[in-house]
Amino acid sequence: MKVHTQLFISIALVLSGAFSCVMAETTDQRPNFLVIVADDLGWSDISSFGSEIKTPNIDALADAGVKFTDFHVSVSCSPTRSMLMTGTDNHIAGLGTMSELLTDELRNQPGYEGHLNNRVVTLAEVLRDGGYHTYMSGKWHLGEEPEHLPVARGFDDSFSMLYGGASYWNDMSGILAVEQEVAKYVKDDKVLTSLPKDFYATRNYTDTLMDMIREDRSDGKPFLAYLAFTTVHDPLHVPEPWLSMYKGKYDDGYEALKKSRAEGAKRAGVFPAKATAAALHPLAKDWESFSDDEKAFQSKAMEVYAGMVANMDYHIGRMTDFLKDIGEYENTVIIFFSDNGSNPARNEEYSPGEAGKVFLSQFDNSIASLGGPASHYAYGPGWGSACSGPLNYFKLTPGEGGIRSPMIILGPGIKGGQQTDAFTYITDIMPTLLEMAGLEHPQKYQGREVAPMRGYSITGLLSGDTKSVYDAEESVGGEMAGGKWLRQADYKAVFVPPPFGAGEWLLFDLSNDPGETNDLAEINPQKLAALKTAWDQYAQDVGVVEITGPISR
């Protein structure tokens, strides 16, 4: 009996070794992808871009990778996310505007479905079919019906909040009265009716994504992990110790902060030393007109916001430590950016009228409560403008403060410790990752024609082999809610409608004026005319439906 047992053990060991060899030989050596998206993060909100907020973990990624100073996105959440997921323009993908902004003149128009449509194939679908695990945790905002959920658009595992914003705690409070008063969460295709008692969104999204990766580690397949934070979208919520971390830091007001951020961006080398920084937006109320109590309240709001950025940085550190612990960090391409610039919204603008008053009346926005579970607050255009640092405008506008995002990319095959000032766009992410994965974008998917990608791979920038992606005569444009922009080399034509802008076309040379302080429209009308013509062609190509009236939520 003893001999037979020993023989069995010996055979088992040999087979085990052979099986391990087979596993090692069949392990997919392609890189993993971790895509981290912040929500409403200002261009100067991280310390490597000039902020006073300490973000050591994000800065470590910047030091190890490539820092992009001229990366662009859309003016708002879901249009950017649709382009990330498809590599094509938001008007083609179905998010010509956010679903919350669809009007009768836009609803049911091609490209304005309010969700990812069937004219596109997603990054997750192509990678999943190409042998990748695909995981998603966090904000989706690309459709709410079963056929539009992450699990239906290529993600093997997902835990998602479907709306544009929500409470960070377990109360599931939404952000819009009536239609989104209760936030909608799904685990794969199951709608959740409750959240864990100790839920805090930034932490739980990170934990959930780590659990997903951990569960499949043994099969040797690479993964796409999409960590879609709601940080720092309002309502402003953060636990201790981050809630008190920046106490007293913002007592001098938002104009002082905007100035210090501009100086910080110049010291960090992400904004030209000789360029003029943008002034505080005129919608910001004069700081000195506030009473002492009002100043204290306003300062507290920015303290909470800064704590949220620092908290997100902490959890990004946990995520990268996890990858190191499981031996995947060195084989993971990590991308970090924001979906748009800092948010100028005030509370009452989300839900105006009597319904909004009733909705907001259930919260305690006293200074003592601000940042905690009982509060529900948005910090407004003063801090929104300040968080853009030297850039002009903010979210919901095509000014640089609305559409220029900090971006960092690092990983295998990427030349670290460098900065690029080359213009890049959100539609470039998908072609870049597909090239790294050795996969082609299909012309047809599941029997239907799908739109080609409009972006380009930026692997040449990442390796240091090239200095630019777009030709000098090539145009890239964007639009949402009447805000328009067209970029060609260093020149940018931009139209910002009321209430944030004057509603006229302006022209800037961003090579020496990224703050958009010197309008060249009168001295170079031919250039502006050429860019406006190019914008008209862009609008025709992607199916922009122009609207009348001001930008609003």
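Which residues is S51 in contact with, leaving aside its neighbours within four places in sequence? This tour begins there. The model is predicted: local features need pLDDT of at least 70, side-chain atom pairs count only at pLDDT 80 or more, and totals for chains, interfaces and linings use all residues. Residues are numbered from 1 along each chain as its sequence is written, and side-chain values use heavy atoms, with hydrogens and water left out.

**Stop 1: S51**

Select S51, in the loop between β1 (32-38) and α2 (56-64). Helices (H or I, at least four residues) and strands (E, at least two) are DSSP runs, numbered from the N terminus. Beyond its sequence neighbours within four places, S51 is in contact with S44, D45, I46 and R261; contact means heavy atoms within 4.5 Å. S51 counts as buried because its relative accessibility is 11%. Buried means under 20% relative accessible area, exposed over 50%, and partly exposed in between (1.4 Å probe, protein chains only).

Now display the polar contacts of this residue. A polar contact is a pair of N or O atoms within 3.5 Å; within protein, one must be able to donate a hydrogen and the other to accept it, and residues adjacent in sequence count only if both atoms are side-chain atoms. The side chain of S51 reaches the backbone oxygen of D45 at 3.3 Å. A polar atom of the S51 side chain also lies 2.9 Å from the backbone nitrogen of I53.

**Stop 2: A268**

Select A268 next, in helix α7 (residues 254-268). Is A268 buried or exposed? With a relative accessibility of 28%, A268 counts as partly exposed. Apart from neighbours within four places in sequence, A268 is in contact with S48, F49, G50, K67 and Q419. Add S47 to the selection: S47 and A268 are 221 residues apart in sequence, and their C-alpha atoms are 8.4 Å apart in space.

**Stop 3: helix α8 and its partners**

Select α2 and α8 together. Their axes are 7 Å apart and the helices pack at an angle of about 55°. Axes are lines fitted to C-alpha atoms, for helices over the stretch in contact, and angles run from 0 to 180 degrees between N-to-C directions. The two helices, α2 and α8, are therefore oblique to each other. Angles under 35 degrees count as roughly parallel, over 145 as roughly antiparallel, 65 to 115 as roughly perpendicular and the rest as oblique. From α2, the contact is made by P56, N57, I58 and L61; from α8, by M312, D313, Y314, I316, G317 and T320.

Then replace α2 with helix α6 (residues 201-215), which packs with α8 at an angle of about 10°, the axes being 9 Å apart. That angle makes α6 roughly parallel to α8. Among the residues that meet here are T202 and R203 in α6 and N311 and M312 in α8.

**Stop 4: the nonpolar cores**

In soluble globular proteins, nonpolar side chains tend to be buried together. A nonpolar core is a set of buried Ala, Val, Leu, Ile, Met, Phe, Trp, Tyr and Cys residues joined through side-chain atoms within 4.5 Å. The largest core here has 170 residues, and those with the most contacts inside it are Y185, F336 and F337. Helix α8 (residues 292-325) gives the most to this core, with 14 residues. A second, separate core of five residues includes I175, A345, Y350 and A378.

**Stop 5: helix α3**

Select helix α3 (residues 77-86). Because 10 of its 10 residues are buried, α3 is largely enclosed by the rest of the structure. Just after α3, G87 takes a positive phi of about 75°.

**Stop 6: salt bridges**

How many salt bridges does the structure hold? There are 21. A salt bridge is a side-chain nitrogen of Lys or Arg within 4 Å of a carboxyl oxygen of Asp or Glu.

Select R153 and E125, which form a salt bridge with the closest N and O atoms 3.2 Å apart. This pair links distant parts of the chain, 28 residues apart: R153 is in the loop between β3 (133-139) and β4 (157-161), and E125 is in helix α5 (residues 123-129). Both R153 and E125 are buried.

Move on to R346 and E349, whose side chains meet in a salt bridge (3.5 Å, N to O). R346 is partly exposed, with a relative accessible area of 30%, and E349 is partly exposed at 35% relative accessibility. Finally, select D70, E400, R404, R487, K492 and E516, which are joined into one network by salt bridges that share partners.
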